[in-house]
Amino acid sequence: MAEVIAILGARGFGLPCARRMGKGRQLVLGDNNPETLAATSEILSREGYRLTTHVVDVSDMDSVSRFAAQSAALGTLRSVVHTAGISPRMGTPERILAVNLVGTINVMDAFLPCAGEGCVCVVIASNAGNFAPVPAELEALMANGRAEEILAEASKVAGADTGLGAYWLAKRCNQLRVQADAPAWGARGARIVSVSPGMMSTEMMHYERDIGAPVDAAVGDLPLGRIGHPDEIATAVEWLCSPDAAFVTGTDLLVDGGQVAAIRWAATMIEDPRNRETQTSV
């Protein structure tokens with residue numbers, strides 16, 4: 001029976017994940033854009049991968065459920081990689097929450113019944129989730145509540161009516177939902193984790209830069225001093241789905257070039273840590 005890798009999102013992180021994880025396996029690729037699906041399918045087919053494609057709207061539970069059933073019908077589901085999403089300037093706050101927050105809940109809920117021993121679900125969140133000003137009561141609701149309840153309460157948070165605020169809230173919900181869902185996946189012998197990228201050289205990031213987001217300035221402030229590459233996320237996802245990560249579940253892997261660390265400790269950082277002892281003793 002074929003081993004199946006289901007990937008939602010046909011570009012950005014989806015394509016490098018498909019390349020890394022699809023060798024000798026059945027790829028099932030979902031995206032809401034038929035043209036994007038066709039273009040990615042042609043690339044992968046030419047490279048010798050075996051795949052099927054489906055148009056999927058992650059904000060529609062029925063659409064996601066069909067995709068999950070179609071994926072599971074093709075063999076043994078080994079990995080689900082959810083990369084689909086939109087950036088802070090790609091839609092209204094309502095649409096961002098529908099895709100990035102509700103869509104992720106839909107994917108996790110639809111694939112859980114299909115997961116068996118050794119299956120791994122990886123949700124692509126964002127380091128933006130680490131900056132979301134979420135009250136503790138809302139965090140608890142994000143982790144375990146129904147999507148409609150979460151949306152109602154999230155709308156009361158300051159900034160939720162902006163694209164950036166909606167994006168931050170959605171990505172924090174992704175991280176929390178993965179934590180809370182780990183026991184349910186574990187009961188089926190499966191694992192679930194999230195990965196939080198930072199500044200990555202994807203089409204989404206280039207779009208943000210082109211319409212005025214201060215991407216270059218933010219990259220210049222990173223401890224590593226460069227933008228990340230999509231394949232670096234695919235490498236992390238591949239490891240998380242491998243037996244080498246068999247004890248990793250219900251957690252978030254931050255892959256952001258040190259951005260969260262730098263922002264969190266900017267007020268107390270010494271320019272050159274090697275001089276810390278000398279500077280503090282003077």
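This briefing describes the pockets and the cysteines of one structure. The model is predicted. Its largest pocket holds about 1200 Å³ of space, and the second largest holds about 220 Å³. The structure has zero disulfides.

**The largest pocket**

- The space in this pocket amounts to about 1200 Å³, and 50 residues line it, of which Ile86, Ser87, Pro88, Tyr167 and Met204 are the closest to its centre.
- Two or more lining residues come from each of helix 4 (93-111), helix 7 (163-186), helix 8 (203-210), helix 9 (215-220) and helix 11 (259-264).
- Helix 8 gives the largest share of this lining, with five residues.
- Sorted by class, the lining comprises 27 nonpolar, 15 polar and eight charged residues.

**The second largest pocket**

- About 220 Å³ of space lies in this pocket.
- Its lining consists of Met21, Arg25, Arg78, Ser79, Gly118, Val120, Arg191, Glu238, Cys241, Ser242, Pro243 and Ala246.
- These lining residues divide into five nonpolar, three polar and four charged.

**Cysteines without disulfides**

- A disulfide is a covalent bond between the sulfur atoms of two cysteines.
- The structure holds zero disulfides, and cysteine 114 is in none, with the nearest cysteine sulfur, that of cysteine 119, lying 8.6 Å away.
- Cysteine 114 is partly exposed, at a relative accessible area of 24%.
- For cysteine 119, the closest cysteine sulfur is that of cysteine 121, and the distance of 7.2 Å is too far for a bond.
- Cysteine 119 counts as buried because its relative accessibility is 0%, where buried means under 20%.

Technical notes: Residues numbered from 1 in each chain as written. Predicted model: local features only at pLDDT ≥ 70, side-chain atom pairs only at ≥ 80, totals over all residues. Heavy atoms only, no water. 1 Å grid on protein atoms, 1.4 Å probe; cavity = no way out; pocket = protein on both sides within 12 Å on 5 of 7 lines; lining within 4 Å. Points joined across faces, edges and corners; volume = space filled by probe spheres on them. Helix = DSSP H or I, 4+ residues; strand = E, 2+ residues; numbered from the N terminus. Nonpolar A, V, L, I, M, F, W, Y, C, P; charged D, E, K, R; others polar. Disulfide = S-S within 2.5 Å. Buried < 20%, exposed > 50% of the residue type's maximum accessible area, 1.4 Å probe, protein only.
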